[in-house]
Amino acid sequence: MNKRDFPKVHFYDQDFVDIYDKTWSWLQDYWLDPKTGENSVEGYFLYSSNDEQIIDQFETIFSSFFLVYSNRNYPANQNLDYFYARQEESGAIRWKYDCKTNQPVTNAQNPEGVGMPLFAWAEFNLFHKSANKKRVKEVMVILEKYMEWIDATFKQENGLYTCPLAATTMTNSPRSQAKYLVDFNSALAINALYMSQLGDILNDKDLSFKYKRNYFSLKTRINSMMWNSETGFYHDLDENCEKLRTKTIAGFWPMLAEIPNEDKADRLVDHLLNPCTFGTDHPFPSLSADEPEFNEDGNEFCGSVYPPFTFVVIKGLERYQKYDLARECAIRHLYHILDALFPEGSHSKGDLWEAYAPCKSGVAKSADNPEFPKKRYIHYTGLSTIALMIENIIGLAISLPRKTVDWTIPNLEIMGIENLSLKRNLITILSNKSQRGWEIHMESEKLYYFTINILGEKKKTLPIPSGKCSMLIDKL
């Protein structure tokens, strides 16, 4: 096995495996040298449009969550490092850059060019897939300056932050009256939470405490000012700090930040199950289905399903141990992506798209934006076809520094992963049914610790030695 190959997944539905493989094969077309526009592994992960080579902060952060599984064929840190290298004296890192000129791209809607502040979340995930403590130490200086810039530029006297709607990417969402955005403030809480955890990795107690204090301060304000007990939802605030009525996908970001208590989280989950709000056929729409501006064709952020926001909701569900619901929604989401890849009764060929329709199979549409949705938009859909496939549908959670692999199996099915590179260690974990019953086969070059959780009934942690071994589930 060549370590440069991509890991293989096994699943009972071959269509899921095919779309996973197809995503990796398409990826090379978007790894470009910005100067020449030619394919180059030394280049960056770019989506070219109108001959522009724009590198986008939101795309970069979210794409790192599936690039970590590329067996280092495509470094997940490459685009992130591009942003860090452009940091200004003030600490500012802008949301978009033109790679040909290395100049920031700003506009009237976002004059400061601020993006969703989630670098620390991405770096924490990178650390657990690479165990590179040296990198954490190097980027921490950059991330601290970045947070200082955001505090100095966007923090208000009430302790919350304000920013343009464009910074959240939700451009045409019916949130024009909002001054304090629930997703931007939650993203800052997420960033502070992971800055604290990166401080723990460096054994820097002062750093860890500083950002933990920032996190709890934001958590308290979001809970006290943005939660509406009548709607069971988190809302944006207007300039007078009054809660706005509109329910958007932004209201679920607090779950990823572990802001709601169990009761509030349960009420948010009720919305995810309610077909009249966010429990539409294709989970999860960017706007609640009972809002007057909701559009069954999507119309961008008036209802379309965007993979990064679905990813945020599913990871939020994980924080509250809602593993079965997270997996069920990931599977439904992937079936809808498959339907758009192989459209039934259509003469046109399908593809991977930026966004999907909420109430039916197929791609989202917009009457006003002819460029929507972007075609073969792997920066977004790779989250679903690769990251959700490995982490939620197959159910693997991997931490290289801890030398642990956790496998949550909600159903006994033929599935697993083969030749996943963990630094200098290739691992294979597969379940199948033999004459002796359900069996798990494992292969590894080095020792690691394997925790298996089957149907929520059997849970066991075992040291897996180098070489090949197997275990019978009935004997656990």
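## A tour from helix H7 outward

Start at the N-terminal end of H7 and select Asp204. Asp204 caps this end of the helix, with a side-chain oxygen 3.3 Å from the backbone nitrogen of Asp206. Keep in mind throughout that this is a predicted model.

**Stop 1: along H7.** Now select residues 205-226, which form helix H7. How far apart are its end C-alpha atoms? They are 31 Å apart, which agrees with the 32 Å that 22 residues should span at 1.5 Å a residue.

Show the side chains of Leu207, Ser208, Tyr211, Tyr215, Leu218, Ile222, Asn223 and Met226. These residues of H7 are buried. Look down the helix axis: the buried residues of H7 fall within an arc of 130 degrees, so they line one face of the helix.

Turn to the face directed away from that buried side. There H7 carries the exposed residues Lys205, Asp206, Phe209, Arg213, Thr220 and Ser224. Asp206 thus appears twice on this tour: its backbone nitrogen is the partner of Asp204, and Asp206 is exposed.

**Stop 2: the neighbours of H7.** What do the buried residues of H7 pack against? Select four helices: H5 (133-154), H6 (182-201), H8 (253-256) and H9 (262-273). Add strands S7 (227-228) and S8 (233-234), which also pack against the buried residues of H7.

**Stop 3: the core.** Nonpolar side chains tend to be buried together in soluble globular proteins. Here the largest nonpolar core has 158 residues. Helix H6 gives the largest share of this core, twelve residues. Select Trp253, Ile429 and Phe450, the residues with the most contacts inside the core.

Stay on Ile429 and bring up its surroundings. Leaving out residues up to four places away in sequence, Ile429 touches Leu396, Val405, Trp407, Met415, Gly416, Ile417, Ile440, His441, Met442, Tyr448 and Phe450.

**Stop 4: Ser384.** Next, select residues 378-394, helix H12, and find Ser384 within them. Is Ser384 buried or exposed? Ser384 has a relative accessible area of 1%, so it is buried. With residues up to four places away in sequence left out, Ser384 touches Pro307, His333, Leu334, Ile337 and Met389.

**Stop 5: backbone exceptions.** Most peptide bonds are trans, and most residues other than glycine have a negative phi. The next four selections depart from that pattern.

- Pro283 and Phe284: a cis peptide bond joins them, with omega about 0 degrees. Phe284 is in the loop between H9 and helix H10 (307-319).
- Phe372 and Pro373: the peptide bond from Phe372 to Pro373 is cis too, with omega near -10 degrees. Pro373 is in the loop between helix H11 (323-341) and H12.
- Cys241: phi is positive, near 65 degrees. Cys241 is in the loop between S8 and H8. Its relative accessibility is 29%, so Cys241 counts as partly exposed.
- Gln321: phi is positive here also, near 55 degrees. Gln321 is in the loop between H10 and H11.

**Last stop: zoom out.** Show the whole protein chain as a cartoon. The chain has twelve helices and 16 strands. Its C-alpha atoms fill a box of roughly 65 × 55 × 50 Å along the principal axes. The radius of gyration is 22 Å, which agrees with the value near 23 Å for a compact globule of 476 residues.

Colour by burial next: buried residues make up 58% of the chain's 476 residues. Then consider contacts with a separation of 6 or more. Residues 24 or more positions apart account for 62% of them.

Methods. Residues are numbered from 1 along each chain as its sequence is written. This is a predicted model: local features need pLDDT of at least 70, side-chain atom pairs count only at pLDDT 80 or more; totals for chains, interfaces and linings use all residues. Side-chain values use heavy atoms; hydrogens and water are left out. Helices (H or I, at least four residues) and strands (E, at least two) are DSSP runs, numbered from the N terminus. The expected span of a helix is 1.5 Å times one less than its number of residues. Buried means under 20% relative accessible area, exposed over 50%, partly exposed in between (1.4 Å probe, protein chains only). The arc is that of the directions from the helix axis to the C-beta atoms. Contact means heavy atoms within 4.5 Å. A polar contact is a pair of N or O atoms within 3.5 Å; within protein, one must be able to donate a hydrogen and the other to accept it, and residues adjacent in sequence count only if both atoms are side-chain atoms. A nonpolar core is a set of buried Ala, Val, Leu, Ile, Met, Phe, Trp, Tyr and Cys residues joined through side-chain atoms within 4.5 Å. The radius of gyration is taken over C-alpha atoms; the globule rule is 2.2 Å times the number of residues to the power 0.38.
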